[in-house]
Amino acid sequence: MKVFNTQTRRKEEFEPLVPGKVSMYVCGPTVYNFIHIGNARPMIVFDTARRYMEHKGYEVNYVSNFTDVDDKIIAKAIEEGVTAQEISERYIAECKKDMEGMNVKPATTHPLATQEIDGMIEMIQTLIDKGYAYDVDGTVYFRTKKFKDYGKLSHKNLDDLRSGNRSLLVTGEDQKEDPLDFVLWKPKKEGEPSWPSPWSDGRPGWHIECSVMAKKYLGEEIDIHAGGEDLIFPHHENEIAQSECCNGKPFAKYWLHNAFLNIDNRKMSKSLGNFFTVREISEKYDLQVLRFFMLSAHYRSPLNFSAELMEASANGLERIRNAVSNLGYLLENAPAGSASTEQGTEKDSGAPMAQNTAAGNTSVSGQSAGMTAAEQAEFANVMAFETKFDEAMDDDFNTADAIAAIFELVKYANSNVSAGNTKAFIQAVRDEIVKLCDVLGIIAEEQQELLDEEIEKLIQERQEARKAKNFARADEIRNQLLEQGITLLDTREGVKWKRA
Ligand code: AMP
Ligand code: ZN
């Protein structure tokens, strides 16, 4: 598998630090509002990278933070007359709902900046002790000139940046030794959330949180660090400086950055006001369509949002789901076993299907049990689509080509699988489409509605769980039903239920 490393500016063979395991850190959102679909791009593309690595058999430890202390959060709290914590908790919960809608898996750990202050103070102290940071009246700065590799990720000309930022030294930031020095800790202003520290009652700078959380949850050296390309400088450059100077080790082996989601060819952003929230999009489209749209382009290519492209994505997704549903129909109606051959049906090629004489002959895969010999041979063609899919994903997560491979498989299924095939073959082709879609986080199967009897059975089980004081299981059942749009009403006559 090859990945494009921003630091070396080339595609490199991916070799994790520990064979079979991947440690991955993705910078998460600052939570002061609903996320927009620009923020959704890194969530979707790096969730897909994670899923693909899991598909390849890696165990992925995926960490993504929520920045829950920040100027914008504080400003919003003041505007609403509530605490900053109330704002961040509200939008973390909303963000998680959006992630679920987009089928983005929860991270292994979602740390919160405000819960990691001790670790930040510790890292800042180490940097001061080693001479990489200095305190001026309660504000601690990182001494960029002391870190020889500063700028290695962004390949920026630091002298140009320095002279371009000279003005900083005369406009309020005159305490700094160098215009490129950045804040690690700052004293509180009136009314702001703050924590005690050796330097002042205050709060951490933004960059330090990611260095600390990556170290705590993944270790001093990690495999992949990712985020949107606007984070390359200064955020990721500064993370490298902090982590490498503190730990004395290289920080991340591979740096991955997604290009922007644009609208009218300009970056979608809160500050420009040219954004759609994920929530707004969900009112018009199934969020699976949004996911499909995001994956229809390579993650390093800019992607322009438009209603036409969303329509095209909706149609593409529909084409895949129709194929899966047709295969499901064939499956329901196909006779059990290899009955079709008993009916003497012939394949498109005209070659008669031989009776499966070697049930359990798994020359292609375990799935081939129950297929006719001809189908078993044919199944190699089906597997070739998976090879194509894997080759695309192995090439720096080329999801556009991976989707093209799924479309080819769908086309194959539409024209080659018929009622004349065995259940085993139909099932295997259907499973293959569903599986490849699942690697991309695309749900290709219609969600089955629960039947009335199944609901009654679950309610019964919930009653028994409650009687046995197993409230965790009782809640789990209630939530499971809720996800299916079924609400329970505990009445004097017993439990009643209704569909939303
Ligand atoms: P923020 O909340 O602004 O720190 O952003 C959270 C994540 O979304 C970061 O990885 C950003 O790089 C990314 N991001 C923000 N806007 C866009 C955009 N228009 N296109 C792609 N990624 C974006
Ligand atoms: Zn970060």
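**Exercise 1. In this predicted model, find the helix that holds Pro234, and describe the peptide bond that leads into this residue from Phe233.**

Solution. Begin with the secondary structure: Pro234 belongs to helix 7, which covers residues 232-247. Then turn to the backbone just before the proline, where the bond from Phe233 to Pro234 is cis, its omega being near 5°.

**Exercise 2. Locate Arg9 among the strands and state what its phi value is.**

Solution. Arg9 sits in the loop that runs between strand 1 (2-5) and strand 2 (10-13). Its phi is near 60°, and this is a positive value in a residue that is not glycine.

**Exercise 3. Describe the shell around ligand 1, by class of residue and by the elements that supply it.**

Solution. Start with the 16 residues around the ligand, of which Gly38, Gly228, Asp230, Leu261 and Met268 come nearest. Sorted by class, the shell comprises seven nonpolar, seven polar and two charged residues. Next, look at where these residues come from: helix 1 (37-55) and strand 9 (222-228) each provide at least two of them, and helix 1, with three residues, gives the most.

**Exercise 4. Find the backbone atoms of Gly228, Leu261 and Met268 that lie close to polar atoms of ligand 1, using a cut-off of 3.5 Å for a polar contact.**

Solution. Take the oxygen side of the ligand to begin with: one of its oxygen atoms is 3.0 Å from a polar backbone atom of Gly228. For nitrogen there are two pairs to examine, since a backbone N or O atom of Leu261 lies 2.7 Å from a nitrogen atom of ligand 1, while a polar backbone atom of Met268 is 2.8 Å from a nitrogen atom of the ligand. As a last step, consider the cover: on its own ligand 1 has 490 Å² of accessible area, and the protein covers 89% of this.

**Exercise 5. Divide the chain into domains and judge the confidence of the prediction along it.**

Solution. The chain splits into domain 1 (2-305), domain 2 (317-439) and domain 3 (448-499), and the C-alpha centres of domain 1 and domain 3 are 41 Å apart. As for confidence, the mean pLDDT of the chain is 91, with 91% of its residues at 70 or more. Residues 338-364, however, have a pLDDT below 50, although this stretch has 50 contacts in the model beyond near neighbours in sequence.

Key: Residues numbered from 1 in each chain as written. Chains lettered and ligands numbered in written order. Predicted model: local features only at pLDDT ≥ 70, side-chain atom pairs only at ≥ 80, totals over all residues. Heavy atoms only, no water. Near = heavy atom within 4 Å. Polar contact = N/O pair within 3.5 Å; in protein donor to acceptor, adjacent residues only side chain to side chain. Areas by Shrake-Rupley, 256 points an atom, 1.4 Å probe, with all protein chains shown as cover. Helix = DSSP H or I, 4+ residues; strand = E, 2+ residues; numbered from the N terminus. Nonpolar A, V, L, I, M, F, W, Y, C, P; charged D, E, K, R; others polar. pLDDT = per-residue confidence, 0-100. Contact = heavy atoms within 4.5 Å. Domains from an automatic or database assignment.
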